[in-house]
Amino acid sequence: MATENKLHFWRRNAKVPGRFLKDAPKTNVANIKSKKPSTFHEFARSTNDAWDIDDEEDNDFFAPSHPSQSHSKPQTPRLKVSKHTTDTEPQPQPLNRLEPVSTELCQDQLEIDGEPTNGRVVKSSSDAQLNSNTVRGTLQKQQSLPVRPVIPLVARISDQNASGAPPMTVREKTRLDKFRQLLASPNTDLEDLRKHSWSGIPREVRPITWRLLSGYLPANMERREQVLQRKREEYFGFIEQYYHSRTDEHHRDTYRQIHIDIPRTNPLIPLFQQPLVQEVFERILFIWAIRHPASGYVQGINDLVTPFFVVFLSEFVEEDVENFEMAALPLETQRNIEADSFWCMSKLLDGIQDNYTFAQPGIQTKVKALEELVSRIDEDVHLHFKKCEVEYLQFAFRWMNNLLMRELPLRCTIRLWDTYQAESEGFSHFHLYVCAAFLIKWRKEILSMSDFQGLLMLLQNLPTIHWGNEEVGLLLAEAYRLKYMFADAPSHYKR
């Protein structure tokens, strides 16, 4: 009885999608009744769903019908990209797959036009309206999303709040106002500042925020200018006292190694290839090595200067920092950037100096802790490393020594350090969980590699060149989750 009602329904409703036209050859009802189990399948084979029609594969399906019949037949909508509309219907053109397609679709470039059917299938007007509404809704949703600037292949220093980015959103403006309010207080609440800095610091206030969070500047506003002046003079006092000794036999090897490493620092960024900038880095690193004889200079420390240098330079540069000519700044400004970079880098290294003392015990300990942590959070990856005879020290040593700076673009490192400075032990403790989250991020690619060489090549050349603030934010969120689960649970952390 139900089957007979369905048949009558299809016969009565002329507007049902997939309905046969009257001039189409009629199906033998007797044959349909004799094959009840396959009735629907026969119907499906004899019709086509208008939603699944492909313009290229079914051009013959939509052959033009007689003009006199076109006014009574609903038209099947399709999307095309067009900048100009004409009164006449353009002929369908084959799709050139080699032609680049613009990724920016404006609403006036999208037009819904119709193609007449060939008399086999009639698409109902209600379905045409539904399709039109769906397209319109998709466009509105697409336009309502924030436009994210495309990050080029060459590593950019600028983060997504820098020049060339879309106008600041209401939320970003509110956060910036909150930072300015905190920084303008006579005594800045550092705990509150850390809380707001965890999810990223606006570019406009990042220099002063980093100076405060690193401990270089006091929270009291009245004392800041005095401290800045005194510390800057102290640094250039060190230059006068020690820098001439770089040619002495006792310090010659240290200076030679620094001189070799400086040109290797971010070689793709023109800023760091300027002789003036390289001289600044040489002075900073040599003075730090002289004042810290327990460790001296170790390869990798040169990378740790760059985020501070770029952030403090951005305070005076509105354009893209990576192409800025350092010589264009006044000499006093250059000196201030150099001194501030030295002191903030020194504050950072004070917390992780055991990474750079003899035999680098801090790094050895952290790599071992990473191995134990990964064995708990993703046993498949851990066992895969054992199967391929890959040691964690072979790839994670650099992660700890350079704080992931060789694995991430500099813009991502700056965003990462916003959070590190907001954490109480960001560089020494929280970094471990960031490394674990970073490793598990690539678990699919890791498990697909079955040989030692391919696995190490992957781990030393991870595809992060297109990363931005969004990817770093997700990485930090996962790292925080791991810290919350394992940091205070030693029984879950160790075997």
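Which residues are exposed on the other side of α6? Keep that in mind while we get our bearings.

This is a predicted model, so local features need pLDDT of at least 70 and side-chain atom pairs count only at pLDDT 80 or more, while totals for chains, interfaces and linings use all residues. Residues are numbered from 1 along each chain as its sequence is written, and side-chain values use heavy atoms, with hydrogens and water left out.

**The whole thing**

Start with a cartoon view: you get 21 helices and two strands. These elements are DSSP runs numbered from the N terminus, with helices being H or I of at least four residues and strands E of at least two. Of the 495 residues, 45% count as buried. Buried means under 20% relative accessible area, exposed means over 50%, and partly exposed is in between (1.4 Å probe, protein chains only). Switch on a surface and the protein exposes about 28,300 Å², with carbon and sulfur atoms supplying 53% of it; areas come from the Shrake-Rupley method with a 1.4 Å probe, and for residues only the protein chains shown count as cover. Taking contacts between residues at least 6 apart in sequence, 75% join residues at least 24 apart. Contact here means heavy atoms within 4.5 Å.

**Stop 1: α6**

Select 190-197, which is helix α6, and colour Asp192, Leu193 and Ser197: these are buried. Looking down the axis of α6, the buried residues line one face of the helix, because they fall within an arc of 135° (the arc of the directions from the helix axis to the C-beta atoms). Now flip to the other side, where Glu191 and Lys195 are exposed. Add α5 (170-183), α7 (206-213) and α16 (410-422), which are among what covers the buried residues of α6. Before leaving, zoom in on the start of α6: a side-chain oxygen of Asp189 comes within 3.2 Å of the backbone nitrogen of Glu191.

**Stop 2: Gln421**

Stay with α16 and pick Gln421, which is in that helix. With a relative accessible area of 6%, Gln421 is buried. Show its neighbours: leaving out residues up to four places away in sequence, Gln421 touches Arg194, Trp210, Leu213, Ser214, Phe308 and Phe427.

**Stop 3: α15 and its loops**

Next, select 393-401, helix α15, where Phe395, Ala396, Trp399, Met400 and Asn401 are buried. The cover over them includes α13 (361-377), α14 (379-387), α17 (426-441) and α19 (452-460).

Got a Ramachandran plot handy? Most residues other than glycine have a negative phi. Glu389, not a glycine, has a positive phi of about 60°. You'll find Glu389 in the loop between α14 and α15, and it is exposed, with a relative accessible area of 63%. After α15 comes Leu403, whose phi is positive, near 55°. Leu404 has a positive phi too, near 65°, and lies in the loop between α15 and α16. Is Leu404 buried or exposed? Buried, with a relative accessible area of 0%.

**Stop 4: a patch on α20**

Finish on helix α20 (residues 469-486), home of Tyr484. Tyr484 counts as exposed, at 68% relative accessibility. Select Tyr480 and Met485 as well: with Tyr484 they make a nonpolar surface patch of about 390 Å². Patches are made of residues with over 30% relative accessible area and no salt bridge; like charges are joined within 9 Å, nonpolar side chains (Val, Leu, Ile, Met, Phe, Trp, Tyr) within 5 Å. A salt bridge is a side-chain nitrogen of Lys or Arg within 4 Å of a carboxyl oxygen of Asp or Glu.

Conventions
A polar contact is a pair of N or O atoms within 3.5 Å; within protein, one must be able to donate a hydrogen and the other to accept it, and residues adjacent in sequence count only if both atoms are side-chain atoms.
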